[in-house]
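Work through the exercises below with the sequence and the model open beside you, and try each task before reading its solution.

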Amino acid sequence: MSVQIPWPEFWQPIRLSLQVALLSSVLVMILGTAMARWMSSQRWKGKIILETLLMLPLVLPPTVVGFLLLVLLGRRSGIGRFVEWLFSSPLIFSWWAAVIASIVVSFPLVYQTMKSAFASVDQELEDAGRSSGASEWQVFRYITLPLSIQSLITAYILGFARGLGEFGATIMFAGNIPGKTQTLPTAIYVAVDTGNTELAWAWTITIILISFLLLLLTRRTHKKW
């Protein structure tokens with residue numbers, strides 16, 4: 001007995017998940033790297049409190065993160081109303097909501113990876129660059145970043161994988177609209193809930209293969225560098 005997979009329905013959440021993961025991973029790399037660089041140079045009291053807040057999405061249940069995003073960026077919030085006025089469309093239950101949810105939940109992984117990488121860079125090399133007349137940006141661009149390239153690649157892959165597998169915050173904040181906000185994890189959930197086991201298996205195998213390739217790439221990167 002052959003299994004009939006509705007291919008248009010099959011590819012939609014895969015394409016959307018890859019788009020969301022790709023964009024969110026690029027944005028979270030910029031945010032996480034910038035914040036890690038800034039925090040690694042700070043020595044003021046209270047830094048540990050801010051850092052704890054930055055790491056909270058790593059330990060909070062994703063549904064809690066999604067609820068907080070609804071409160072902060074929903075249609076009843078000041079930010080949510082401003083975005084809706086600016087773009088004539090609410091932020092919640094949109095493709096961008098899925099991107100924001102992925103950024104928030106993957107940020108701690110990227111931030112911690114890059115912070116550890118910057119801390120491992122030899123301070124004497126950076127000081128030598130400064131004493132030669134290099135600006136802070138030049139020191140970062142030509143010394144710190146090249147020495148942290150392995151961690152940079154690892155952080156990106158972790159951010160991409162975390163965004164790809166995000167479920168709780170996404171379904172709370174972006175919803176589960178087929179063709180618009182339905183990502184692979186939410187599509188698998190609906191398929192299982194409706195008894196469509198064949199489609200659920202097809203999506204599950206797909207996300208396992210993608211995750212396996214990402215982990216393999218991470219291991220090969222570590223061996224190369």
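The exercises that follow concern a predicted model, and each solution goes step by step.

**Exercise 1.** Find where UniProt places the feature "transmembrane region", and describe the spans 16-36 and 48-73 in the model.

*Solution.* Begin with the record: the unreviewed UniProt entry places this feature at residues 16-36, 48-73, 93-111, 139-158 and 199-217. Next, turn to residues 16-36, where the end C-alpha atoms lie 29 Å apart and the span is 100% helix and 0% strand. Finally, take residues 48-73, whose end C-alpha atoms lie 26 Å apart, with 92% helix and 0% strand.

**Exercise 2.** Decide whether threonine 144 is buried or exposed, and list its contacts.

*Solution.* Locate the residue to start with: threonine 144 belongs to helix 7, which covers residues 136-147. Its relative accessible area is 0%, and buried means under 20%, so threonine 144 is buried. Leaving aside residues up to four places away in sequence, threonine 144 touches Arg37, Phe118, Val121, Glu126 and Val139.

**Exercise 3.** Examine helix 2 (residues 47-59) by asking how leucine 56 and glutamate 51 are placed with respect to the surface.

*Solution.* Leucine 56 lies in helix 2 and, at 32% relative accessibility, counts as partly exposed. Leucine 56 also helps to make a nonpolar surface patch of about 600 Å², together with Ile48, Ile49, Leu53, Leu58 and Val59. Glutamate 51, by contrast, counts as buried at 15% relative accessibility, and its side chain meets that of lysine 115 in a salt bridge, with an N to O distance of 3.2 Å. This pair links distant parts of the chain, since glutamate 51 is in helix 2 and lysine 115 is in helix 5 (residues 95-120), 64 residues apart.

**Exercise 4.** Trace the network of salt bridges that includes Arg130, and state how exposed its members are.

*Solution.* Recall the general idea that side chains of opposite charge can pair when their charged atoms come close. One pair is arginine 130 with aspartate 127, at 2.9 Å from N to O; because these two residues are three apart in helix 6 (residues 123-131), about one helical turn separates them. Another pair is arginine 130 with glutamate 136, at 2.5 Å from N to O. Joining the two steps gives a network that links Asp127, Arg130 and Glu136. As for exposure, arginine 130 is partly exposed at 27%, aspartate 127 is partly exposed at 37%, and glutamate 136 is partly exposed at 46%.

Notes: Residues numbered from 1 in each chain as written. Predicted model: local features only at pLDDT ≥ 70, side-chain atom pairs only at ≥ 80, totals over all residues. Heavy atoms only, no water. UniProt positions renumbered as here; feature names shortened; annotations may be inferred. Helix = DSSP H or I, 4+ residues; strand = E, 2+ residues; numbered from the N terminus. Buried < 20%, exposed > 50% of the residue type's maximum accessible area, 1.4 Å probe, protein only. Contact = heavy atoms within 4.5 Å. Patch = residues over 30% accessible without salt bridge, like charges linked within 9 Å, V, L, I, M, F, W, Y side chains within 5 Å. Areas by Shrake-Rupley, 256 points an atom, 1.4 Å probe, with all protein chains shown as cover. Salt bridge = Lys/Arg side-chain N within 4 Å of Asp/Glu carboxyl O.
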